[in-house]
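This report looks at how strands, charged side chains and aromatic rings are arranged in one protein chain. Please keep the sequence and the structure in view while reading.

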Amino acid sequence: MHKKRVLFLAIMAVLSGHALAAEESSVPPGSDGPALKGTAQAIPESDVYDLLTKSETTFSALYYGRDRQAQWDAPGKGNRHDIHVNALNLGLNFKSGYAWDHLGFDAAAHAAIRLTKGQGWSEVLYHDLNDTSDPDENGGGKDKSSAVLSQAALKFRQSADGQGFSARAGYTPISIGTLGTSGGLQSHAYRGLEGKYKLGDFEVGYGWADQFRNEWDTRFRDMTNQWHQNRAPYNDGRKVDYVHSIGFRYAPSNYFVDIGFGEGKDYRRNAQIAASYTWSLGADKLTATGYYFTGKYQTALSGIANPKNEWHASGSLSYATGGWTLMGGYGATHAPDSGELNFRLTPWGNSDNRNFIQTWGQDDDFVWDGMRVVKIGVSYDFAKLGVPGLTMGASANYASNVKNQYDSARPNLGDTHFNEVDLSVAYSVQSGPLKGASIGVYPAQLRTHGFTGDKSNRNDVKVIASYSKTF
């Protein structure tokens, strides 16, 4: 195993353009490591070789299947936004140990493989905007297989217990304040850095980046004020020099408060606060969670002459008892400039930290301008009936006051409403050689009732299966 890790490290060094100097002496027999420069003292193996001896490599395999049928009121839109995809994602994620207990590096590579002929922009496969050869794609490009070196970053920690200062720099996920790197089958990543300082249950951090790679792209790109990030055949986007965010988090055992402020240089500024508290009621638990987000475009790169303050607020209560979890939530959104509220610091495809939304659905985030949404849900853990790992759930969203986008053919349309039903059944293997393997099926149905914005009625089924092993 040690030899395999040495080989992996050598390969990573070649890929990053660094080779060992030819004159560097090999490790002297019987010593812990090469001599320290200018001395006869060997580097203690317990220090520098922790990079390898305390490293871990995780292999992951994830299948993603989706059949989404979009139903438009306007016949001319045809099958636009349909998705039919069967994809396999294979990943290797290397996390080194820490040399001298402080310095290390991480690297990850992924192959996203299209298993069958598909349709639509799945957001889990590389999407070639230049390939318009398939008439079923309406000229919108084509999903393809690809392989990428998705992360390569140096890391530092002050102490092994996570306290004090820590930092990452390179091609890396960032999760601070309003910046996030959620993804589909693999994590999105930035070219940038993040630094955090942790003192007890309190943490403060800062993140900065000037490039970004979406899961459906094969390279890191400058961020722009257009949704396409100047991917060919488009080139009309003006560069957003950088995005950055500062965040504060206080998280004792039964509650947390998370605050963030972010800026996309000359394009958009935002801020958010989320909080949650859990009460123990004997064997039962009651959890309250709230989220508030606000953002405003900047005229210089957005082109909006008089941008308005936009916001979203949502909250939920969930009660867990005897395997059951019951949930109710309410959300409201005001987004006159975005239409559908933009939580990002660039126009589209850039990750963010919107995971605190309490009223989202599988087919829509339910954050359109004017929207008032009620959500109810229920789930059951069959461990209480002797089948650990099996869960089932159902939820429903109803949204009113959704402001129709302007339609010159129908200029006096009033507000409309959305409704969505989501179902789920999932199983995770609890023991044996396949422990941790899981599979889930997620049907959903969205109805938008004549909405004139870019959101259709949708029937949707996702199947996700995964397995990972750490060596």
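The text below takes up strand pairing, then salt bridges, then aromatic contacts and a surface patch.

The model is predicted. Strand β1, residues 56-71, pairs with strand β22, residues 457-470, in the antiparallel sense over 14 bridges, and in this pairing Ser60 stands opposite Ser468 of β22. Strand β22 also runs antiparallel to strand β21, residues 438-447, to which 9 bridges join it, with Val441 standing opposite Val463 of β22. In a regular strand the side chains alternate between the two faces of the sheet.

Side chains of opposite charge can pair when their charged atoms come close. The model holds 22 salt bridges, three of which are set out in the table.

| Acidic residue | Basic residue | N to O distance |
|---|---|---|
| Asp210 | Arg191 | 2.8 Å |
| Asp217 | Arg231 | 3.9 Å |
| Asp352 | Arg354 | 2.9 Å |

Why does the salt bridge of Asp210 and Arg191 tie together parts that are 19 residues apart in sequence? Asp210 belongs to strand β9 whereas Arg191 belongs to strand β8, so the contact connects these two elements. Asp210 counts as buried because its relative accessibility is 13%, below the 20% limit for that class, while Arg191, with a relative accessible area of 29%, is partly exposed. Arg191 also has Ala169 at 7.8 Å, C-alpha to C-alpha, although the two are 22 residues apart in sequence; Ala169 is found in strand β7, residues 164-172, and is partly exposed with a relative accessible area of 37%.

The salt bridge between Asp217 and Arg231 links distant parts of the chain, since Asp217 lies in the loop between β9 and β10 and Arg231 in the loop between β10 and β11, 14 residues apart. Asp217 is buried at a relative accessible area of 2%, and Arg231 is buried at 5%. Asp352 and Arg354 are likewise both buried. In addition, salt bridges that share partners join Lys95, Asp106, Lys155 and Arg168 into one network.

Turning to the rings, a pair of aromatic rings is described by the distance of the centres and the angle of the planes. The count comes to 23 aromatic pairs, including the edge-to-face pair of Trp121 and Trp216, which are 6.4 Å apart centre to centre with 80° between the planes. Trp121 lies in the loop between β3 and β4 and Trp216 in the loop between β9 and β10, so this pair ties together parts that are 95 residues apart in sequence. Trp121 is partly exposed at 22% relative accessibility, whereas Trp216 is buried with a relative accessible area of 5%. Phe156 and Phe165 form a tilted pair, 6.1 Å centre to centre and with 45° between the planes; Phe156 is partly exposed at 30% relative accessibility, and Phe165 is partly exposed at 35%.

Which residues form one aromatic cluster with Trp121 and Trp216? The cluster also contains Trp227, Tyr234 and Trp348. Charged side chains also meet rings: Arg157 lies over the face of Tyr98 at 3.9 Å from the ring centre, and Arg268 lies over the face of Tyr297 at 4.3 Å from the ring centre.

Finally, Leu193, Tyr206, Ile246 and Phe261 make a nonpolar surface patch of about 330 Å². Leu193 is located in strand β8, residues 189-199, and counts as partly exposed at 38% relative accessibility.

Key
Residues numbered from 1 in each chain as written. Predicted model: local features only at pLDDT ≥ 70, side-chain atom pairs only at ≥ 80, totals over all residues. Heavy atoms only, no water. Patch = residues over 30% accessible without salt bridge, like charges linked within 9 Å, V, L, I, M, F, W, Y side chains within 5 Å. Areas by Shrake-Rupley, 256 points an atom, 1.4 Å probe, with all protein chains shown as cover. Salt bridge = Lys/Arg side-chain N within 4 Å of Asp/Glu carboxyl O. Helix = DSSP H or I, 4+ residues; strand = E, 2+ residues; numbered from the N terminus. Buried < 20%, exposed > 50% of the residue type's maximum accessible area, 1.4 Å probe, protein only. Phe/Tyr/Trp six-rings, centres within 6.5 Å; stacked < 30°, edge-to-face > 60°. Lys NZ or Arg CZ within 6 Å of the ring centre and 35° of its normal. Pairing = 2+ DSSP bridges.
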